[in-house]
Protein chains: 2
Amino acid sequence: MARRRQIYEGKAKILYEGPEPGTIIQYFKDDATAFNAQKKGQIAGKGVLNNRISEHIFTNLAAIGVPTHFMRRLNMREQLVRQVEIVPIEVVVRNVAAGTLTKRLGIEEGTQLPRTIIEYYYKDDALGDPLIADEHIACFGWASQEEMNDIADMAIRVNDFMSGMFAAIGIRLVDFKLEFGRIWENDYSRVILADEISPDSCRLWDIKSNKKLDKDRFRQDLGEEAEAYQEVARRLGLLNGESEGEE
Amino acid sequence: MARRRQIYEGKAKILYEGPEPGTIIQYFKDDATAFNAQKKGQIAGKGVLNNRISEHIFTNLAAIGVPTHFMRRLNMREQLVRQVEIVPIEVVVRNVAAGTLTKRLGIEEGTQLPRTIIEYYYKDDALGDPLIADEHIACFGWASQEEMNDIADMAIRVNDFMSGMFAAIGIRLVDFKLEFGRIWENDYSRVILADEISPDSCRLWDIKSNKKLDKDRFRQDLGEEAEAYQEVARRLGLLNGESEGEE
Ligand SMILES: Nc1ncnc2c1ncn2[C@@H]1O[C@H](COP(=O)(O)OP(=O)(O)O)[C@@H](O)[C@H]1O
Ligand SMILES: Nc1ncnc2c1ncn2[C@@H]1O[C@H](COP(=O)(O)OP(=O)(O)O)[C@@H](O)[C@H]1O
Ligand SMILES: [Mg+2]
Ligand SMILES: [Mg+2]
């Protein structure tokens with residue numbers, strides 16, 4: 001068996017060349033990083049859970065008409081996705097104040113925002129993923145106005161869908177990060193949802209206790225990280241049968 | 001003579017109650033600060049020059065139809081202005097990369113931007129004047145969408161006018177900061193240009209030598225700060241007659 005080619009190793013995933021042109025394999029690691037990788041660690045079984053959770057959410061989003069890169073899960077830690085040209089912008093949707101927003105704007109964690117905010121960060125680890133405005137995106141051509149309109153529309157739809165999905169299982173969707181990518185069809189390109197959606201990229205609080213069920217447990221040394229990720233998967237109904245436990 | 005009431009002492013100016021209701025006096029100090037007032041100093045004669053330069057620019061802007069708070073200069077260091085409710089947003093217009101933009105986005109100082117950028121910063125010294133996007137302004141109600149449209153339109157007009165004015169005297173307008181405020185007329189409010197425009201709030205480079213003729217001389221310990229401010233005033237034709245020298 002020929003050894004497959006690794007395309008990229010990131011902080012939480014490894015990308016391999018896929019079986020067909022235009023596809024890649026996302027391999028989900030247990031590695032956890034925070035504060036732009038200044039803090040590093042592992043969360044046992046995270047990769048398995050995130051692979052499964054992300055599959056579940058992307059499949060559901062496709063069903064409501066949000067185009068995504070997801071094709072199919074291959075095994076416990078891997079999924080096949082369409083290769084995209086990643087738009088170098090991290091799209092953050094916030095419903096409740098948490099994380100950098102609380103520090104930057106002096107707003108107490110947990111404050112319900114008067115309205116949902118979409119923020120854009122320039123995806124560049126060396127620069128610390130700086131916050132940017134539409135103006136910077138337009139100026140440097142990181143995405144076209146049309147693409148940004150599509151991205152904002154999709155981000156709102158993802159927020160609406162996920163807010164409902166998590167509310168139904170007693171979880172408050174505080175905020176989350178999305179990545180989008182371009183695919184080319186003949187001479188035209190369009191943007192689709194890429195990367196992952198998981199407790200690595202969302203803030204999820206238990207609705208009653210406000211217990212954090214996401215990567216903030218790792219960022220803030222709260223302990224029981226793996227249990228929190230499992231709890232999310234369990235409430236989503238994903239911990240029965242084939243996806244339970246380690247490979 | 002009754003002692004007039006001080007309303008506010010800022011980093012570069014003092015505000016006093018004006019002679020008529022709805023007016024205030026801006027007194028221009030020689031104090032210079034940088035990096036959110038971590039660095040403090042003085043530039044001899046700066047207050048006199050900024051008072052005169054700001055008068056000159058605001059008067060010219062009014063003449064092209066940009067509404068401003070400026071009423072009249074009172075003396076060497078003071079001007080009478082309409083009292084406004086300051087919109088807590090610093091509006092930065094950038095033509096060339098410099099300052100925080102170079103650090104945040106990894107762009108070399110002096111790079112001509114592909115297009116002019118308008119940036120908004122939340123005016124809050126305690127938070128270090130963080131960059132914000134339209135989304136934050138709308139979410140927290142710091143200004144209405146209508147006000148932001150007016151502000152952006154005025155900022156572009158100020159940029160166009162000042163780019164021409166400075167180009168004519170061999171100066172490149174790299175970037176500048178504006179503040180706007182609300183005035184009320186019966187039940188309606190509108191935004192007008194407030195605060196000051198001076199080498200404290202603009203980056204001005206000599207077109208040939210790239211010599212900095214602005215507060216960056218102070219920020220970066222380049223020396224000859226007072227001379228740079230004088231040079232700007234001189235080229236603007238403001239150093240003859242009554243406004244020359246100290247009170
Ligand atoms: N469909 C896709 N095609 C190409 N690249 C992708 C796709 N989906 C996600 N990516 C990129 O793959 C990487 C995923 O690995 P990750 O560990 O998250 O990396 P990072 O450390 O850059 O966040 C990210 O850089 C992401 O932008
Ligand atoms: N027309 C006006 N009415 C009321 N306040 C004003 C007006 N113009 C400017 N200001 C405010 O007055 C202050 C000017 O003093 P300054 O030394 O620049 O203060 P700061 O340290 O806050 O920048 C600023 O806070 C500015 O927002
Ligand atoms: Mg990532
Ligand atoms: Mg000021």
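**Reading the ligand shells and the chain contact**

Visitor: Which atom of ligand 2 is 3.1 Å from a polar backbone atom of D195(B), and how should I read such a pair?

Guide: A polar contact is a pair of N or O atoms within 3.5 Å, and within protein one must be able to donate a hydrogen and the other to accept it, while residues adjacent in sequence count only if both atoms are side-chain atoms. Here a nitrogen atom of ligand 2 is 3.1 Å from the polar backbone atom of D195(B), and an oxygen atom of ligand 2 is 2.5 Å from an N or O atom in the side chain of E179(B). Another such pair, at 2.7 Å, joins an oxygen atom of ligand 2 to a side-chain N or O atom of Y8(B).

Visitor: What kind of model is this?

Guide: This is a predicted model, in which local features need pLDDT of at least 70 and side-chain atom pairs count only at pLDDT 80 or more, whereas totals for chains, interfaces and linings use all residues. Residues are numbered from 1 along each chain as its sequence is written, chains are lettered from A and ligands numbered from 1 in the order in which they are written, and side-chain values use heavy atoms, with hydrogens and water left out.

Visitor: How many residues surround ligand 2, and which are the closest?

Guide: A residue is near a molecule if one of its heavy atoms lies within 4 Å of it. Ligand 2 is surrounded by 18 residues, the closest being Y8(B), A12(B), K13(B), H69(B) and E179(B).

Visitor: Which atoms of ligand 1 pair with K13(A) and H69(A), and how much of the ligand's area does the protein cover?

Guide: A backbone N or O atom of K13(A) lies 2.7 Å from an oxygen atom of ligand 1, and a polar side-chain atom of H69(A) lies 2.8 Å from a nitrogen atom of ligand 1. Accessible areas come from the Shrake-Rupley method with a 1.4 Å probe, and for residues only the protein chains shown count as cover. On its own ligand 1 has 540 Å² of accessible area, and the protein covers 91% of that.

Visitor: Where does ligand 1 lie with respect to the domains of chain A?

Guide: Domain bounds come from an automatic or database domain assignment. Ligand 1 lies between domain 1 (6-84 + 235-242) and domain 2 (86-223) of chain A, because both give residues to its shell.

Visitor: How many residues does each chain bring to the contact?

Guide: Contact means heavy atoms within 4.5 Å, and here it takes 26 residues from chain A and 26 residues from chain B.
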